[in-house]
Amino acid sequence: MKFIAYMSLQTQMMTQKEVEDFLLCIREKNSRMGVTGILLLIQGKFIQYIEGPSTKIDKLYKTIEKDSRHTDLILLDTGSIKEQQFKDWSMAYHEINERQVKDVMKNKNLDLKKTFTPKEKNNHPALEVLYTFVSTLTN
Ligand SMILES: Cc1cc2nc3c(=O)[nH]c(=O)nc-3n(C[C@H](O)[C@H](O)[C@H](O)COP(=O)(O)O)c2cc1C
């Protein structure tokens with residue numbers, strides 16, 4: 001099993017209905033593939049964590065990379081895992097705004113621009129946002 005975390009820029013705003021249809025489709029597909037994870041949308045930036053059987057994750061990431069609904073993907077982290085962390089989530093989804101990010105990070109001076117400035121992977125600040133947000137859900 002493996003996981004991949006990446007961030008990207010949304011290319012077009014989605015209506016509520018489009019978001020619902022999008023989630024229905026990806027949750028249905030993920031359930032079939034045994035893929036789980038979480039997707040955050042933070043003011044036009046997606047941060048997603050997907051996990052599951054390695055071959056499925058590799059194939060899915062290739063598909064996601066080509067999706068025109070977003071662009072400029074940056075691979076933040078990837079690795080092997082013994083078991084899935086989001087067993088109950090075929091894809092959790094949260095739209096969060098700047099204030100919520102700052103609250104979660106307990107840092108009122110957090111500079112979102114710097115947080116999401118495209119950089120190379122490894123200790124990307126966006127990863128900290130992802131993992132900190134996840135910890136608030138599971139605590
Ligand atoms: C930000 C983002 C996240 C996505 N996450 C998933 C996902 O977790 N699972 C999935 O099956 N498709 C996901 N998709 C959609 C895929 O890119 C693709 O449209 C979908 O898997 C259908 O592919 P297919 O027509 O080749 O079956 C995502 C797309 C975007 C833009």
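Guide: The expected span of a helix is 1.5 Å times one less than its number of residues. Helix 2, residues 54-65, is a case to try in this predicted model. Helix 2 has twelve residues, and from first C-alpha to last it reaches 16 Å, close to the 16 Å expected.

Visitor: Which residues of helix 2 are buried?

Guide: Ile-57, Leu-60, Tyr-61 and Ile-64 are buried. They lie on the same side of helix 2, because the arc they cover around the axis is only 105°. The general idea is that an α-helix has 3.6 residues a turn, so residues three or four places apart point the same way.

Visitor: What is exposed on the other side of helix 2, and what do the buried residues pack against?

Guide: Thr-55, Lys-59 and Lys-62 are exposed on that other side. The buried residues of helix 2 pack against strand 1 (2-10), helix 1 (16-33), strand 3 (45-52) and strand 4 (70-80).

Visitor: Which residues touch the most other members of the largest nonpolar core?

Guide: In general, nonpolar side chains of soluble globular proteins tend to be buried together. Here the largest nonpolar core has 26 residues, and Ile-38, Ile-47 and Leu-130 touch the most other members. Several elements give two or more residues to this core, including strand 2 (36-42), strand 5 (92-96) and helix 3 (98-104). Helix 5 gives the most, with six residues. A second, separate core has 19 residues, among them Val-19, Leu-23, Ile-57 and Ile-64.

Visitor: What is Ile-38 in contact with, leaving aside its neighbours within four places in sequence?

Guide: With that exclusion, its contacts include Ile-47, Tyr-49, Phe-86, Leu-130 and Leu-137. Leu-137 is placed in helix 5 (residues 125-138). Leu-137 counts as partly exposed because its relative accessibility is 39%, and partly exposed means between 20% and 50%.

Visitor: How many aromatic pairs are there in the whole structure?

Guide: A search of the whole structure finds three. A pair of aromatic rings is described by the distance of the centres and the angle of the planes. Phe-3 and Tyr-49 are stacked, at 5.4 Å centre to centre with 15° between the planes. This pair links distant parts of the chain, with Phe-3 in strand 1 and Tyr-49 in strand 3, 46 residues apart. For Tyr-49 and Phe-86 the centres are 5.3 Å apart and the planes are at 55°, so that pair is tilted. Phe-86 lies in the loop between strand 4 and strand 5 and Tyr-49 in strand 3, so the pair ties together parts 37 residues apart in sequence. Phe-3, Tyr-49 and Phe-86 form one aromatic cluster.

Visitor: How many salt bridges does the structure hold?

Guide: The structure holds seven. In one of them the side chains of Lys-2 and Asp-58 meet at 2.6 Å, N to O. Lys-2 is in strand 1 and Asp-58 in helix 2, 56 residues apart. Lys-2 counts as buried because its relative accessibility is 18%, while Asp-58, at 31%, counts as partly exposed.

Visitor: How far apart are the closest N and O atoms of Asp-103 and Arg-99?

Guide: They are 3.1 Å apart, in a salt bridge. Asp-103 and Arg-99 are four residues apart in helix 3, so about one helical turn separates them. Arg-99 counts as exposed at 56% relative accessibility, and Asp-103 as partly exposed at 33%.

Key:
Residues are numbered from 1 along each chain as its sequence is written. This is a predicted model: local features need pLDDT of at least 70, side-chain atom pairs count only at pLDDT 80 or more; totals for chains, interfaces and linings use all residues. Side-chain values use heavy atoms; hydrogens and water are left out. Buried means under 20% relative accessible area, exposed over 50%, partly exposed in between (1.4 Å probe, protein chains only). The arc is that of the directions from the helix axis to the C-beta atoms. Contact means heavy atoms within 4.5 Å. A nonpolar core is a set of buried Ala, Val, Leu, Ile, Met, Phe, Trp, Tyr and Cys residues joined through side-chain atoms within 4.5 Å. Rings of Phe, Tyr and Trp (its six-membered ring) pair if their centres lie within 6.5 Å; planes under 30 degrees apart count as stacked, over 60 as edge-to-face and the rest as tilted. A salt bridge is a side-chain nitrogen of Lys or Arg within 4 Å of a carboxyl oxygen of Asp or Glu.
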